[in-house]
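User: I should like to learn how to read the features of a structural model, one at a time. Could we begin with a charged residue and its surroundings?

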Amino acid sequence: VMARGFGSTRAKDGEDVGSGTLFRLGSTTKMFVAATALTLVEEGRLDLDRPISSYVPELSSRLGRLTMQQLLTHTGGMFDDTPMKGPSDDGALGRMVLGLKDDAIFLEPGRFFSYSNPGYWLAGYVIERVDGRPFADAVKARVLDPVGMIHSTFRPEQAERLPFARPHDGKRSELRPAPNHTGTWPSGSLFSSADEMARFLRALLDDGMLDGRRVLAAN
């Protein structure tokens, strides 16, 4: 009905923000991780209540007993962390996750809600292993492309080619390049716009339907 942007893409000499300007979504990214997992559930390739060691047998024994249900609902009892700078290759997610030990869990799984970004790194890597493609490519193929979010991406080098709200520090100095850590992408690093987020929300509100066709699993 109405879409309008406000502000500037840079503190100095930026372009006007529009409804198609890309922003890093932060933890809103987690909705897309969950939606991607549910496409694998719908295909019978992923069971939310099965120990994730079924899909990633190399995990430490305690982590391997967690379930996707616990990871996606922040009830796995895992610690929290948010490193934003690190390696930028697709293999970084696997290295990050497989480097976690039993002490990544500090509460009894399934009993408490405790917000955990690392829980979503783990969920993202399970998706990667079950799907057989790098995490970012799996989300693109399973959710972003079907919904028509053609410009949304986890890859900063792609986002920077489009109208893009630049990151700044507390002194209003632009951060170039944008902070990036591929190993933490599932917890908060998707870039998207108001226009494309609206397509995702329309599909959620209409039981997975958009533009007359099914793009997501029914609720």
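Analyst: Let us begin with Arg10, which counts as partly exposed because its relative accessibility is 25%, and partly exposed covers the range between 20% and 50%. Please bear in mind that this is a predicted model.

User: With which residue does Arg10 form a salt bridge?

Analyst: A salt bridge is read from the distance between a side-chain nitrogen of Lys or Arg and a carboxyl oxygen of Asp or Glu. Here Arg10 pairs with Glu174, and their closest N and O atoms are 3.1 Å apart. The pair links distant parts of the chain, 164 residues apart: Arg10 belongs to the segment before strand S1 (23–24), and Glu174 to the loop between helix H7 (156–159) and H8. Glu174 is likewise partly exposed, with a relative accessible area of 27%.

User: Which other residue forms a salt bridge with Glu174?

Analyst: Glu174 also forms one with Arg176, again with closest N and O atoms 3.1 Å apart. Arg176 is exposed, at a relative accessible area of 56%. Through shared partners, salt bridges join Arg10, Glu160, Arg166, Glu174 and Arg176 into one network. The count for the model comes to 16 salt bridges.

User: How should I judge whether the length of a helix makes sense?

Analyst: One compares the distance between the end C-alpha atoms with the span expected at 1.5 Å a residue. The 13 residues of helix H6 (residues 135–147) should span 18 Å, and the end C-alpha atoms are 17 Å apart, which agrees. Helix H5, with 15 residues, reaches 21 Å from its first C-alpha to its last, close to the 21 Å expected.

User: Where is the kink in H6 centred?

Analyst: The kink, of about 40°, is centred on Ala141. Close by in sequence, Lys140 and Asp145 meet in a salt bridge through their side chains, at 3.0 Å from N to O. Both count as partly exposed, Lys140 with a relative accessible area of 37% and Asp145 at 36%.

User: Which residues of H6 are buried, and against what do they pack?

Analyst: The general idea comes first: an α-helix has 3.6 residues a turn, so residues three or four places apart point the same way. In H6 the buried residues are Phe135, Ala136, Ala138, Val139, Arg142, Val143, Leu144 and Val147. They pack against several elements, including helix H1 (29–42), helix H5 (117–131), helix H9 (194–205) and strand S3 (209–210).

User: Is H5 enclosed or open to the surroundings?

Analyst: H5 is largely enclosed by the rest of the structure, because 14 of its 15 residues are buried.

User: What is found at the ends of these helices?

Analyst: At the N-terminal end of H5, Ser116 acts as a cap: one of its side-chain oxygens lies 3.0 Å from the backbone nitrogen of Gly119. After H5 comes Gly132, whose phi is positive, near 90°. H6 is followed by Gly148, also with a positive phi, near 85°.

User: How is a nonpolar core to be read, and which residues touch the most other members?

Analyst: In soluble globular proteins, nonpolar side chains tend to be buried together. The largest nonpolar core here has 48 residues, and Phe32, Met68, Met78 and Leu122 touch the most other members. H1, helix H3 (68–72), H4, H5, H6 and H9 each supply at least two residues of this core. Its largest share, eight residues, comes from H5. A second, separate core of five residues includes Leu22, Ala159, Phe164 and Phe191.

User: What does Leu122 touch?

Analyst: Leu122 is placed in helix H5 and is buried, with a relative accessible area of 1%. Beyond its sequence neighbours up to four places away, Leu122 touches Ile52, Leu59, Leu63, Leu66, Leu71, Met78 and Val97. Leu122 and Ile52 are 70 residues apart along the chain, yet their C-alpha atoms are separated by 9.2 Å.

User: Is His181 buried or exposed?

Analyst: His181 counts as buried, at 8% relative accessibility, and lies in the loop between H7 and H8. Residues up to four places away in sequence aside, His181 touches Pro83, Met84, Lys85, Gly86, Pro87 and Met96.

Note on methods: Residues numbered from 1 in each chain as written. Predicted model: local features only at pLDDT ≥ 70, side-chain atom pairs only at ≥ 80, totals over all residues. Heavy atoms only, no water. Helix = DSSP H or I, 4+ residues; strand = E, 2+ residues; numbered from the N terminus. Bend = angle between axes of the 7 residues up to and from the residue. Buried < 20%, exposed > 50% of the residue type's maximum accessible area, 1.4 Å probe, protein only. Contact = heavy atoms within 4.5 Å. Polar contact = N/O pair within 3.5 Å; in protein donor to acceptor, adjacent residues only side chain to side chain. Core = buried A, V, L, I, M, F, W, Y, C linked by side-chain atoms within 4.5 Å. Salt bridge = Lys/Arg side-chain N within 4 Å of Asp/Glu carboxyl O.
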